[in-house]
Amino acid sequence: MPATQPSAPASAPVPAPVPLTGWGRTAPSAAHVVRPRTHEEAVAALRVCAERGGIARGLGRAYGDAAQNAGGAVLDMTGLDRVHVIDADAGTVVCDAGVSLHRLMEVLLPLGWFVPVTPGTRYVTVGGAIGADIHGKNHHVSGSFARHVRSLELLTADGTVRTVEPGTPLFDATAGGMGLTGVILSATLRLHPVETSLMAVDTERAADLDDLMARLTATDHRYRYSVAWIDLLARGAATGRAVLTRGDHAPLDALPARARTAPLAFRPRQLPAAPRFVPEGLLGRRSVGLFNELWYRKAPRARHGQLQKLSAFFHPLDGVPHWNRVYGPGGFIQYQFVVGYGAEEALRRIVHRISAHRCPSFLAVLKRFGDAGPGWLSFPMPGWTLALDIPANLPGLAALLDELDTEVATAGGRIYLAKDSRLRPDTLAAMYPRLPDFRTLRQSLDPTSLFRSDLSRRLTL
Ligand SMILES: Cc1cc2nc3c(=O)[nH]c(=O)nc-3n(C[C@H](O)[C@H](O)[C@H](O)COP(=O)(O)OP(=O)(O)OC[C@H]3O[C@@H](n4cnc5c(N)ncnc54)[C@H](O)[C@@H]3O)c2cc1C
């Protein structure tokens, strides 16, 4: 773990606090936001953290309070945004932690490389991707983001910059460590080769939850990417009905002649921003139920090899800027959990409970995870993960989710911290068995808790 100590420039005045939220727009708090543009400025920013604690923030796509620090400092890392080295033969990139996956796609796709893991939005930073050890539709094949990190530069509480490599405790604490081991300044990533920027996609419908699980279990291994949209408002025999979309990067010879002139073009479509005000009830049970019905019916019963743009397959919501406003000022909760293989009964019970509660969720997805990574607080483990959006002001929601937390913990599963804004500390401890190791390492690395966040205080991380 080589360490260097960059000299810090003279500190600037502490900026006035600004309100921050996560993507779900719940749990707002105000912090002094500092935006370093160099490693030296990041070191200097630690002086602001020294008084009030600090936490790194990327593009704020975590849904809850992970990148907030009430009354303290927040280091906006998007100013560290340089791509340093691309090795187009070996398929690696060295870049600053504030570079977004969108930017990486812009520079890498024309060279025939793709990011190894992408979440449902490409507007996340490399630092945020490592901090939450994000997963994508390819988790069952490729694992989570940290598996593809060769090394990273970490600014720790003592002001040193350490090169951190996989196979070390500091790496395992940082991958999924929610920014609490320090500030990631840059990283070296391994990439995935592609011949085109299109996806070849198979779509099929599943009539209910058991049908869905059977299809995913039987055939997921044939696909690099797999996910199922699930209708959580359907009831009775249709409970858990779903549309599966699975596929892989299209090879060059799958493209029609006209598309072969620019097979690696990356031109995502951008629609107008979502309105600030959305009429009350648009996301109520009736309208979401109608939407879900149409979505299910319009999906083909079975379609093979449809060519889709990368952006349509991976990031359909990125086309609508600020789509998170549609839930109104109350915001929304994204609830995501995983339960292991063998705990299918618990999954069934949870789906039935959500369905019985009539949660108006039109963004619900089920997927199978593959092997877990080494991150101590990393979320993915082999099993079933369900993620759903729910308006935060839904009556009875807090009690329902507390009960679901207990069900998940009892089944040996866990909640995803990057989506969370409401979990209780005692439940967390039952979900993450390496939490004591994480706390011990953090205590020795950062005894004064220089790095802290609203999430770390709430969950006593
Ligand atoms: C529409 C949508 C779809 C999503 N789909 C998925 C998905 O499919 N799979 C998935 O895993 N996640 C998904 N997410 C969640 C998202 O990928 C993660 O929350 C990711 O961490 C956000 O990155 P960010 O750059 O916005 O970081 P932020 O939200 O700003 O921060 C997230 C965490 O990373 C830490 N962090 C950020 N930068 C650094 C840094 N430089 N050094 C140290 N720590 C840092 C922060 O302290 C914080 O704890 C989705 C989010 C949205 C909005």
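Helix 6 spans residues 209-219, and Leu 209, Leu 212, Met 213, Leu 216 and Thr 219 are buried there. Buried means under 20% relative accessible area, exposed means over 50%, and partly exposed lies in between (1.4 Å probe, protein chains only). Helices (H or I, at least four residues) and strands (E, at least two) are DSSP runs, numbered from the N terminus. The five buried residues sit on the same side of helix 6, because they cover an arc of only 165° around the axis. That arc is taken from the directions from the helix axis to the C-beta atoms. An α-helix has 3.6 residues a turn, so residues three or four places apart point the same way.

This is a predicted model: local features need pLDDT of at least 70, side-chain atom pairs count only at pLDDT 80 or more, and totals for chains, interfaces and linings use all residues. Residues are numbered from 1 along each chain as its sequence is written, and side-chain values use heavy atoms, with hydrogens and water left out.

The cover over the buried residues of helix 6 includes strand 13 (198-206), strand 14 (225-230) and helix 9 (344-357). Contact here means heavy atoms within 4.5 Å. At the start of helix 6, a side-chain oxygen of Asp 208 comes to within 3.1 Å of the backbone nitrogen of Asp 210.

**Domains**

The chain divides into domain 1 (79-194) and domain 2 (198-423); these bounds come from an automatic or database domain assignment. Their C-alpha centres lie 24 Å apart. In the interface, 34 residues of domain 1 contact 32 residues of domain 2. About 3100 Å² is buried between the domains, with carbon and sulfur atoms giving 62%. Buried area is the accessible area (1.4 Å probe) that two parts lose on being put together, summed over both. Arg 122, Lys 137 and His 140 supply 24% of the area that domain 1 buries against domain 2, more than any other three residues.

**Salt bridges**

A salt bridge is a side-chain nitrogen of Lys or Arg within 4 Å of a carboxyl oxygen of Asp or Glu. By this rule the count is 26. Between domain 1 and domain 2 the count is 1. Four pairs are listed here.

| Pair | Closest N to O |
|---|---|
| Arg 122 and Asp 318 | 3.5 Å |
| Arg 458 and Asp 65 | 2.9 Å |
| Arg 353 and Glu 403 | 2.2 Å |
| Asp 405 and Arg 422 | 2.6 Å |

Accessibility varies within these pairs. Arg 458 is partly exposed, with a relative accessible area of 21%, whereas Asp 65 is buried at 4%. Arg 353 is partly exposed at 32%, and Glu 403 is partly exposed at 38%. Asp 405 and Arg 422 are both buried. A network of salt bridges links Glu 204, Asp 211, Arg 215, Asp 220, Arg 246 and Arg 368.

**Gln 336**

Gln 336 lies in strand 17 (residues 332-340). It counts as buried because its relative accessibility is 3%. Its side chain makes a polar contact of 3.2 Å with that of His 135 and one of 2.6 Å with that of Lys 419. A polar contact is a pair of N or O atoms within 3.5 Å; within protein, one must be able to donate a hydrogen and the other to accept it, and residues adjacent in sequence count only if both atoms are side-chain atoms.

**Helix 12**

In helix 12 (residues 435-445), Leu 435, Phe 438, Leu 441, Arg 442 and Leu 445 are buried. On the other side of helix 12, Thr 440 and Ser 444 are exposed.
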